[in-house]
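Dear colleague,

I am passing on the structure below, together with some notes on what came out of looking through it. Please read the notes with the structure open beside them.

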Amino acid sequence: THETPQAEQRATEAERQVAKLQSEVDRLEEQRALTAEREALQMQKELDEAEDELLSEKERYKGISEELDQTFAELTGY
């Protein structure tokens, strides 16, 4: 079948529009991936900080417990 020049022009314009939209989708997907990666890194940092704080508090608690045990032993003569 022979296409008319107008049909060819519409097809070419449609192809251009599809390519433009695909390019925009690709750009948005990349932007979204980078944002998600940054958020994941930030969350990992916060998790690491919370774990460090927890470990520090456990060590502090252990030290206080040992000191209380020692004080109790001294008071009771053990």
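A pair of charged residues makes a good starting point: arginine 27 and glutamate 24 both lie in helix α1, where they are three residues apart, or about one turn of the helix. Please keep in mind throughout that this is a predicted model.

These two residues form a salt bridge, in which the closest N and O atoms are 2.7 Å apart. Arginine 27 is partly exposed, because its relative accessible area is 43%, and glutamate 24 is likewise partly exposed, with a value of 34%. As a general point, an α-helix has 3.6 residues a turn, so residues three or four places apart point the same way. It is also true in general that side chains of opposite charge can pair when their charged atoms come close.

How many salt bridges does a search of the whole structure find? The search finds three, and the other two can be described in the same manner.

Arginine 16 forms a salt bridge with glutamate 13, with the closest N and O atoms 3.1 Å apart. About one helical turn separates arginine 16 from glutamate 13, because they are three residues apart in helix α1. Arginine 16 has a relative accessible area of 53% and is therefore exposed, while glutamate 13, at 40%, is partly exposed.

Arginine 60 forms a salt bridge with glutamate 57, and here the closest N and O atoms are 3.3 Å apart. Arginine 60 and glutamate 57 are also three residues apart in helix α1, so that about one helical turn lies between them. Glutamate 57 counts as partly exposed, because its relative accessibility is 38%.

The helix that carries these pairs deserves a description of its own. Helix α1 has 72 residues, and from its first C-alpha to its last it reaches 105 Å, which is close to the 106 Å expected at 1.5 Å a residue. After α1 comes glycine 77, whose phi is positive, near 80°.

There is also a charged patch to look at. Glu46, Asp48, Glu49, Glu51 and Asp52 together form a negative surface patch. One of its members, aspartate 48, is placed in helix α1, which covers residues 5-76. Is aspartate 48 buried or partly exposed? With a relative accessibility of 34%, aspartate 48 counts as partly exposed.

With best wishes

How values were computed. Residues are numbered from 1 along each chain as its sequence is written. This is a predicted model: local features need pLDDT of at least 70, side-chain atom pairs count only at pLDDT 80 or more; totals for chains, interfaces and linings use all residues. Side-chain values use heavy atoms; hydrogens and water are left out. Patches are made of residues with over 30% relative accessible area and no salt bridge: like charges are joined within 9 Å, nonpolar side chains (Val, Leu, Ile, Met, Phe, Trp, Tyr) within 5 Å. Accessible areas come from the Shrake-Rupley method with a 1.4 Å probe; for residues, only the protein chains shown count as cover. A salt bridge is a side-chain nitrogen of Lys or Arg within 4 Å of a carboxyl oxygen of Asp or Glu. Lys and Arg count as positive and Asp and Glu as negative; His and the chain ends are not counted. The place of a charge is taken as NZ of Lys, CZ of Arg, CG of Asp or CD of Glu. Helices (H or I, at least four residues) and strands (E, at least two) are DSSP runs, numbered from the N terminus. Buried means under 20% relative accessible area, exposed over 50%, partly exposed in between (1.4 Å probe, protein chains only). The expected span of a helix is 1.5 Å times one less than its number of residues.
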